[in-house]
Amino acid sequence: MPSKPQVPGLVKGLGVTFNTMMQTIKPKKFGGGAATVQYPREKEAPTARARGVIALREDNCTSCMLCARSCPDWCIYIEGHKELAPPRRAGGAPRKVNKLDRFDIDYALCMYCGICVEVCPFDALFWSPEYEYSEPRIADLLHDKEKLGEWMETVPEQPELEAGAEKKKK
Amino acid sequence: MSDVTDLIDRQKLSYIAAQAADARLNVELETEGMTLNIGPQHPATHGTLRIIARLDGEQVIWADPSAGYMHRGYEKLTEVRTYPQVNTLINRIDWLGSFANEVPFILAAEQLMDIEAPARAQWIRAIFFELSRIANVSLFLGDLGVQLGAITPVFMAFRDREYVLNLIESATGGRFHPNFDRIGGLKDDLPKGWIDETKQVMKKLRNFCDEIETLLFGNEIFQSRTRGIGVIPANVAQSYGLSGANLRASGVDWDLRRDQKIALPYDKVDFKVWTHPDGDAFARCWVRLQETREATLIVDQLLDGIPSGPVMAKVPRIIKVPEGEAYVSTENPLGEMGYYVVSQGDLGPFRVRIRTASFNNISIVPWVLRGVFVPDIITILASLYFILGDIDK
Amino acid sequence: MTRSWSAVAPLSDTTATTETDVPALPGDGLREGIVAQLRSDIGAGLVDTLVKPGVDVWARVATESWRDAGLALRESGFHYFCFLSAIDWLPSPFGRGEDDPSAPPPERRTEIVQGYTGGSTRFQVFARLTDIQRHVGITIKADVPDDEQVVDSWTSVFAGADWHERETHEMFGISFRGHPDLRNMYLPTDFEGHPLRKDFPLLARIVKPWPGIVDVEPLPGEPEEADTEGNGE
Amino acid sequence: MIAVDLPYWAQSLLRVLGGTVAVLLPAGTIVYLFLFKMMSFMQSRLGPMEAGPYGSMQLFAEVGKWLQKEDIQPENADKSVFKMAPLVVLLSTFLLVAAVPFGPDAYFTDFEAGVFYALAVSSISVLGILMAGWSSANKYSLLGGLRAAGQLIAYELPMVLAVVGVVIQAGTMNFQGIVLQQNTGSIFGWDGIGNPYILTQFVGFFVFMIAVQAELTQTPFDMPIAESELVSGYMTEYSGFRFLMFFIAEFATAGVFSLIASVLFLGGWGIPFSWFGWTTADSVDNWMNVVGPLIMITKMMALAFIIMWVRFSYPRFREDQLQRFAWKVLIPVSLVNIMFTAILKVAF
C-alpha cells in the first residue's frame with residue numbers, strides 16, 4: 001500500500017479521458033472538435049511537396065532513359081523513336097529529336113522515392129500531390145503517358161524556402 | 001557473471017527445466033504442458049513475429065522467438081543498388097522513424113568519400129532525426145496502452161503523431177519514407193513557415209507526453225503490470241547488445257548522440273540522457289517517455305540555432321564512393337542503428353551490414369521470458385519495443 | 001522483485017542518474033593502446049591492424065584466435081556486443097543485373113580483393129564491439145578457411161552473438177563451432193543455398209529484363225547510334 | 001394497482017416481450033451511446049457517422065452484418081457445446097432481468113428472495129463462458145475460459161458480500177422491499193431524499209461496482225478476452241450470429257447489472273416518497289409505473305457510463321493480481337463493511 005495519501009493515478013487517468021471527451025464534444029468554433037475528418041466528404045489538402053503521383057510533361061522528354069535506369073524498382077518503361085523536327089531558327093537544318101512512344105510507370109511497383117524526378121535533366125517529370133488513384137485491378141496501376149500527362153494539371157507551385165536558405169541555382 | 005552469459009548452459013538448463021516441469025505435471029496432475037504459438041498473426045507482435053512458448057498453466061517455461069516472416073533481404077538488395085537507391089530502400093527498415101534510418105548510412109558514405117555536409121544540412125538532419133524519434137516513440141507510448149489493455153492511449157498517439165508526420169511531409173514530401181538525405185547534404189531546404197509550425201507542434205507533443213504520463217504511467221494498474229517485470233541487468237544487456245532506451249533503462253548511461261563524434265550538431269544542444277536503474281519493463285517505458293519529451297526540447301533548441309547557408313555540399317553528379325570500409329551508427333529511435341559499408345569504388349556498395357537495434361533487442365527474449373506469465377510476455381515484448389522491419393531487415 | 005499489485009512504488013523513485021562528464025573524445029593514442037593490449041593478449045593471433053586516427057580501428061586475427069580475441073577484448077573493456085557477420089569477397093558474377101540480354105555478357109572482375117587489414121580467403125567473419133567506458137569501438141575480422149568454413153562460436157563470450165551467428169550461418173554457410181543451435185533464423189528450414197554469397201543470384205534482377213536498355217527506334221535508313229546522353233557513367 | 005385483469009397467456013406474452021425489450025434496449029443504448037460515441041469522443045474522433053443521423057443506425061447495420069456472416073465452427077470443436085455456449089450466456093441475462101423491478105407494479109416477477117435469485121442466476125454465465133472456452137478447441141480460448149472461470153468465481157464472492165450489507169440494512173431480500181426501504185428511509189431523521197444506500201453503504205457500493213466490472217469482464221478485468229494477449233479469449237472462434245449473442249450478452253448484462261446496482265444502492269425506480277406524501281408501497285400513484293422505468297433507465301445509464309468510462313481509461317490487470325485483489329482486498333473490505341453494518345443495525 002502506498003504510504004502517503006495522494007490523488008490516485010486511477011482518478012487522474014479518468015480525468016484525462018473525460019477532458020478529451022469534452023474537447024471533442026465542444027463545437028469547432030470554440031476550439032474543440034475531433035482530430036479526424038470525415039474523409040470522403042472532407043479532405044485534408046496535401047502539402048505542395050507531397051509525393052503523390054508522378055506527372056509527365058511529354059514534350060520535354062527526350063527518352064534518355066536516365067529515369068528508367070536510376071529507378072530502384074525498374075518500374076519505368078520507355079520506348080521512343082527518332083523524328084525530324086522543324087529547325088529552331090529559320091533556315092537551319094531540321095533537328096533530330098527523340099519522340100516518346102511509350103512512357104509507363106507501374107505504380108504497383110513504384111516506391112515513391114522520387115529519384116526519377118530528381119535525375120531528369122530536362123524537367124519532364126514532376127511530383128503531384130494527388131493521391132486518389134487506387135484501382136480495383138492491380139494491372140490498372142500501370143499509368144501510360146497520356147494518364148501521366150493528365151497529372152500535369154495538378155502539379156502545384158513549389159513553396160518559398162525558409163529564412164536562411166540559399167537560393168537554388170537551378 | 002559468466003553464468004548468465006553462458007548461453008549453452010542456459011539453454012540446457014531451460015531444456016531440463018521444461019522436461020522436469022512436464023514430468024512433474026504428468027505425475028501430479030496427469031496433464032502435460034502446453035505449447036502456445038503466439039504469432040505470426042497476433043495482435044501483440046507488431047507484425048509477424050512468432051513466439052513459441054512452452055507453458056505450465058500460465059507460466060512460461062521457455063519461449064523462443066522465430067523471426068523471418070518479413071525478411072526482405074536488404075543486405076542482398078543493397079548489393080545491386082547505387083547509393084541513392086540504397087538510401088530509398090533503407091527507409092523501410094524501421095518504418096516508423098524512416099528518416100533516422102537514412103542518417104547513419106549517408107554519414108558512412110560521407111565518411112568514405114571524406115566530405116562533410118554543410119552546417120545547415122547537419123542541423124536540419126538532426127531536426128528530422130529527432131522528429132522521426134518523436135514519430136516513432138509516440139506511437140510506442142500509445143501502443144503500450146493497447147498491449148496492456150488500455151485502448152485510448154493509442155488514439156491519442158495517432159492523433160498527435162499526425163502533426164509530426166505532417167511536418168515531415170511538408171518538408172520532405174513523404175510522410176513515411178522521406179528519402180530526404182543525400183550524400184553531401186539534403187535534397188531541399190525547408191519550406192517557409194516550417195520552423196514556426198514545428199514549434200507549435202512540439203508544444204502539442206509535450207502536452208501529449210503529459211497526457212500519457214497521467215493516463216498510463218501514473219496509473220497504479222499500469223505500474224503493477226510493469227514494475228519488476230522482465231528485469232534485465234546491465235551486464236546482460238550489454239552482452240546481448242541491447243541499445244537505446246532498453247540499455248539506458250538498465251542503468252547504462254550510453255547515448256550515441258552524446259558519446260560519439262558524429263557529424264550532427266548534438267554537441268551544440270543541451271540535453272539530458274535519461275537513465276533508470278531498475279531495468280524492468282516500467283523503466284524501459286519510462287525512459288522512452290522522457291526521451292520523447294527531451295526530443296521535443298532538442299528540436300526547439302535546434303530550430304533556434306539553425307544556421308543559414310546551403311544544404312548541399314559540392315558532390316559529383318554520379319556518386320562513386322572510393323574503396324574503404326566504414327561503420328557509422330547513430331542513436332535511432334529503437335536504439336543503435338549502424339551500417340558497415342564496404343565499398344570497392346563502384347557506383348553501389350560492395351557489402352552493407354545493417355546493424356539494426358531490434359534484432360539485438362529481441363535476441364534477449366528467450367532469456368528474459370523464462371518463468372514469466374503469459375500476460376507478461378506481452379508486457380515485456382511491448383516494453384522491449386521492436387519493429388518487425390527492424391528485426392527482419 | 002515484487003509481483004504484488006499493491007506493492008506499487010510511487011513514481012518519485014524514478015531517479016535518473018546525473019549526467020556524467022563526457023570524457024574527452026578518444027584520439028588515436030587510445031586506439032593504438034587498444035591494439036597494443038590486444039597484441040599482448042593474443043600474441044601472434046593478431047595478424048594485421050589498421051588505425052584511422054580519430055575515426056576507427058580494425059584488427060584481423062587468425063582463424064583459431066577468433067574466440068580468444070573476443071574474450072581478450074571483453075576482458076579489456078569491450079563489454080558491449082554490437083554485431084557479428086561475414087563478408088563474401090568474391091565479386092558478384094551477376095553485376096547489378098543491368099545487362100542488355102542481346103549484347104554479349106560484359107567482362108567482370110573476378111579476382112578477390114579484400115578490404116582493410118587484408119586477408120587471404122574468400123569469406124571473412126567480422127564483428128563489432130564497443131567499449132562504453134572509453135567511448136570507442138573496434139571492428140575485428142578473421143579469415144574463414146576456404147576448405148572448411150568453420151570458425152569458433154562467440155556465444156559463450158557474448159550471449160548476443162547467438163542470433164548473429166545463426167543469421168551468418170544461413171546467409172553465408174559459415175558454421176560456428178560450439179554454437180548450440182544453428183537453426184535458420186530468417187529462411188525456411190528447407191531453403192537451399194546461402195543468399196548473401198555473391199554467387200547466389202538475386203532472381204528479381206534476373207527474371208525481369210532491365211528496363212534501362214535504350215529503346216529508341218532510329219530514323220528510317222539511319223544506323224543505330226550508341227546511346228549518348230543516357231549512359232551517365 | 002393495474003385495474004385490468006389479463007389472462008395468463010397474455011401476461012406471459014407481455015412478460016416475454018417486456019423482458020426482451022428490457023434486455024435489448026439497454027444493450028443497444030449502451031452500445032451506441034458509450035461504445036460507439038463516448039469511446040470515440042474520448043479518443044478525439046467522432047465514431048460512426050454515416051448510418052443514420054450521427055450514426056445512430058449503425059447498430060442495425062452491424063447486426064445485419066453479423067447475421068449474414070457464416071457461422072463457422074472449428075473442426076475439432078465439440079459442436080453441440082460450442083453451439084450452446086452463447087445461448088447459456090444470453091440466458092443468464094434474461095433470467096437476471098426477470099428479477100428487476102421497474103415500478104411499483106412494473107416487474108416481471110417479485111421474488112421474495114430476489115437478491116438471492118439474482119446473484120444465483122448471474123453466475124450461470126460462467127458456465128457458458130467455460131463451455132465456450134473449452135469447446136472451441138483453441139488454446140487461446142481455453143486459457144480465456146479458464147481465466148474467466150477463476151475470475152468470475154473470485155468476484156462473485158465480494159459481490160455477494162457487498163450486497164449482504166444492503167440486505168442487513170434493508171432487512172429484506174426482496175428488491176421491492178429494498179427500493180421501498182431506501183425511499184421511505186431517512187438519514188438522521190431527515191427524509192428529504194430518502195435513504196439511498198449509496199450514502200450509507202458506500203463501501204458496499206464501491207465493492208459492488210468493482211465486482212460488477214469484473215463480472216462483466218470489462219477492462220481492467222478483461223483478461224478472459226484480452227485481445228492483445230489471448231486474441232479474444234473464449235470468443236476467438238465465434239463468428240456471425242453466435243458472436244452477436246456474446247456481444248449482446250456482454251452489453252445487456254452490463255445494463256442489467258447497472259439496473260440491479262441502481263435498485264440496491266440508488267433507490268431503484270422510486271423517488272423519495274415524502275415528496276408526494278406516500279408512505280407505503282400501496283399508496284404510490286399509478287403513474288409511477290411509467291415514470292419508474294424512466295428513472296431506472298436514467299440511473300442505469302449513469303452507472304453504465306462509469307463502467308464504460310473506466311473501461312476506456314484503464315489498462316488491465318494480470319490474472320494473479322486480479323485474484324489477489326479479490327481475495328486480499330475486496331473480500332476483507334466487504335466483510336468489515338458487513339460487520340459495521342450489523343453493529344450499527346443492532347445499535348440503532
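## Where chains D and B meet

In this predicted model, 24 residues of chain D are in contact with 28 residues of chain B, contact meaning that the C-beta atoms, placed from the backbone, lie within 7 Å. On the side of chain D that touches chain B, helix H6 (139-170), helix H11 (288-313) and helix H12 (319-347) of chain D each supply at least two residues. H12(D) gives the most to that side, with 3 residues. Helices (H or I, at least four residues) and strands (E, at least two) are DSSP runs, numbered from the N terminus.

By character, the residues of chain D on this side divide into 9 nonpolar, 6 polar and 9 charged. Here Ala, Val, Leu, Ile, Met, Phe, Trp, Tyr, Cys and Pro count as nonpolar, Asp, Glu, Lys and Arg as charged, and the others, Gly among them, as polar.

Before reading on, a word on conventions. Residues are numbered from 1 along each chain as its sequence is written, while chains are lettered from A and ligands numbered from 1 in the order in which they are written. As this is a predicted model, local features need pLDDT of at least 70 and side-chain atom pairs count only at pLDDT 80 or more, whereas totals for chains, interfaces and linings use all residues.

How confident is the predictor? The complex has an ipTM of 0.82 and a pTM of 0.85. The table shows pLDDT, the predictor's confidence in each residue, from 0 to 100, for parts of chain D.

| Helix of chain D | Mean pLDDT |
|---|---|
| H8 (residues 197-200), lowest | 76 |
| H2 (residues 58-67), highest | 88 |

Chain D as a whole averages a pLDDT of 82, and 96% of its residues score at least 70.

Now to chain B, which has 17 helices and 8 strands. Its C-alpha trace spans about 75 × 50 × 35 Å along the principal axes. The radius of gyration of chain B, taken over C-alpha atoms, is 22 Å, which agrees with the value near 21 Å for a compact globule of 393 residues; the globule rule is 2.2 Å times the number of residues to the power 0.38.

Chain B also holds an open sheet of 3 strands in the order S1-S2-S3, with antiparallel pairing. Strand S1 (34-38) and strand S3 (59-66) of chain B are the edge strands. Strand S2 (residues 50-56) of chain B pairs with S3(B) over 7 bridges, where pairing takes at least two DSSP bridges. B:Ile52 stands opposite B:Asp64 in S3(B).

Terms used
Contact = placed C-beta atoms within 7 Å.
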